[in-house]
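Subject: Structure handover

Hello,

Here is the structure you asked for, with notes on what turned up in it. Please read the notes with the coordinates open.

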Amino acid sequence: MNVEARTDDTHREILAMLPPDLLDLSDLAAAAEKIRMLGAGAPELPASVVVEDHHVTAGDGHQILVRLYRPRVPRPSSPCLYWMHGGGLVIGDVSMDAARCAEIVEQLNIVIASVEYRLAPAFPYPVPLDDCYAGLEWLFGAAESLGLDTNRIAIGGGSAGAGLAAALALLARDRGQLHPCFQLLRYPMIDDRNTTPSSHAVTDLRVWNRSANLVGWNAYLGGKAGSDDVSHHAAAARATELAGLPPTMITVGELDMFLDEDIDYAQRLIAAGVSTELH
């Protein structure tokens with residue numbers, strides 16, 4: 001697919017400003033540094049939003065950062081969105097979504113909790129998902145002291161973060177201890193098999209592409225991406241039983257390599273009786 005030929009003038013200008021090898025993940029450390037430099041500098045957040053850092057102890061003793069964005073004037077029993085950042089499971093951190101999180105807080109007058117999960121390949125599955133679960137467990141447990149309504153805690157993320165959110169929804173359902181009310185999945189990365197037409201379509205290294213996706217999944221799954229023994233808690237598209245998941249919104253663009261897997265997941269959620277909206 002020629003991504004540039006299928007975008008409008010505004011997005012073509014943005015593409016032209018990006019390094020031609022921005023998302024070449026053959027050297028993960030170099031790629032992470034390029035992306036860090038591209039987004040260097042903390043965004044200026046609105047004065048109406050307060051940022052708080054909390055630390056949660058994982059099962060192995062690791063301290064997980066959960067960053068809260070909350071209205072300066074809090075509302076009682078606030079809804080909360082528990083958020084997971086993108087980055088293909090191998091790059092990124094909570095700071096990359098700071099501006100967007102603050103914007104949502106300001107627009108909707110809710111709280112957002114953004115979790116800093118550990119990254120593959122240093123920490124493959126299940127560590128990143130376990131970090132996300134530990135953070136969510138803490139959020140539910142601390143809800144009263146944080147002024148949150150436990151009946152209105154949603155989960156969500158973008159790209160790999162949305163894939164973790166989808167897996168987290170499955171894990172929470174299967175364990176039966178935590179009950180998020182909703183999942184917001186923005187172009188979720190959910191299928192390690194990479195066999196759909198759209199998964200082959202994007203090769204432009206300026207955007208998330210097939211080679212980067214293969215690197216990300218294999219780093220997360222210890223080289224076992226596409227094999228027969230991958231758990232649905234690792235790759236949500238592997239799930240065959242979707243009943244009992246929370247209401248869902250999925251958004252994905254026509255030029256996204258996740259297009260086919262996301263549409264399929266939305267259709268299967270609907271077939272399983274899960275209230276689902278697909279954009």
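**Aromatic pairs and what surrounds them**

There are two aromatic pairs in the structure, which is a predicted model. One of them joins Tyr-125 and Tyr-220 in an edge-to-face arrangement, with 5.8 Å between the centres and 65° between the planes. This pair connects distant parts of the chain, the two residues being 95 apart: Tyr-125 sits in the loop between strand S4 (111-116) and helix H4 (127-141), and Tyr-220 belongs to helix H8 (residues 210-220). Together with Trp-217, Tyr-125 and Tyr-220 make up one aromatic cluster.

Is each partner of the pair buried or exposed? Tyr-220 has a relative accessible area of 1%, so it counts as buried. Tyr-125, at 27%, is partly exposed, because the buried class ends at 20%.

**Charges over rings**

Two arginines lie over aromatic rings, as follows.

- Arg-118 is over the face of Phe-123, 5.1 Å from the ring centre.
- Arg-175 has its charged end over the ring of Tyr-133, at 4.4 Å from the centre.

**Nonpolar cores**

In soluble globular proteins, nonpolar side chains tend to be buried together. Here the largest nonpolar core has 73 residues, and those touching the most other members are Tyr-82, Met-84, Leu-136, Leu-139, Leu-168, Tyr-220 and Tyr-265. Helix H6 (residues 160-175) supplies the largest share of this core, eleven residues. There is also a second, separate core of 13 residues, with Leu-81, Ala-102, Ile-110 and Leu-184 among them.

Which residues does Tyr-220 contact, leaving aside neighbours within four places in sequence? They are Leu-89, Ala-120, Pro-124, Tyr-125, Pro-128, Leu-129, Leu-164 and Ala-234. Its aromatic partner Tyr-125 is thus one of these contacts.

**Cavity**

How many cavities of 30 Å³ or more does a search of the whole structure find? The search finds one. The volume of the largest cavity is about 40 Å³. Its lining consists of Leu-89, Ala-160, Gly-163, Leu-164, Ala-167, Met-189, Trp-217, Tyr-220 and Ala-234. H6 and H8 are the elements that give two or more residues to this lining, and H6 gives the largest share, four residues.

**Where the notes meet**

Tyr-220 recurs through these notes: it is in the edge-to-face pair with Tyr-125, among the residues of the largest core that touch the most other members, and in the lining of the largest cavity. Trp-217 is in the aromatic cluster and also lines the largest cavity.

Regards

Technical notes. Residues numbered from 1 in each chain as written. Predicted model: local features only at pLDDT ≥ 70, side-chain atom pairs only at ≥ 80, totals over all residues. Heavy atoms only, no water. Phe/Tyr/Trp six-rings, centres within 6.5 Å; stacked < 30°, edge-to-face > 60°. Buried < 20%, exposed > 50% of the residue type's maximum accessible area, 1.4 Å probe, protein only. Lys NZ or Arg CZ within 6 Å of the ring centre and 35° of its normal. Core = buried A, V, L, I, M, F, W, Y, C linked by side-chain atoms within 4.5 Å. Contact = heavy atoms within 4.5 Å. 1 Å grid on protein atoms, 1.4 Å probe; cavity = no way out; pocket = protein on both sides within 12 Å on 5 of 7 lines; lining within 4 Å. Points joined across faces, edges and corners; volume = space filled by probe spheres on them.
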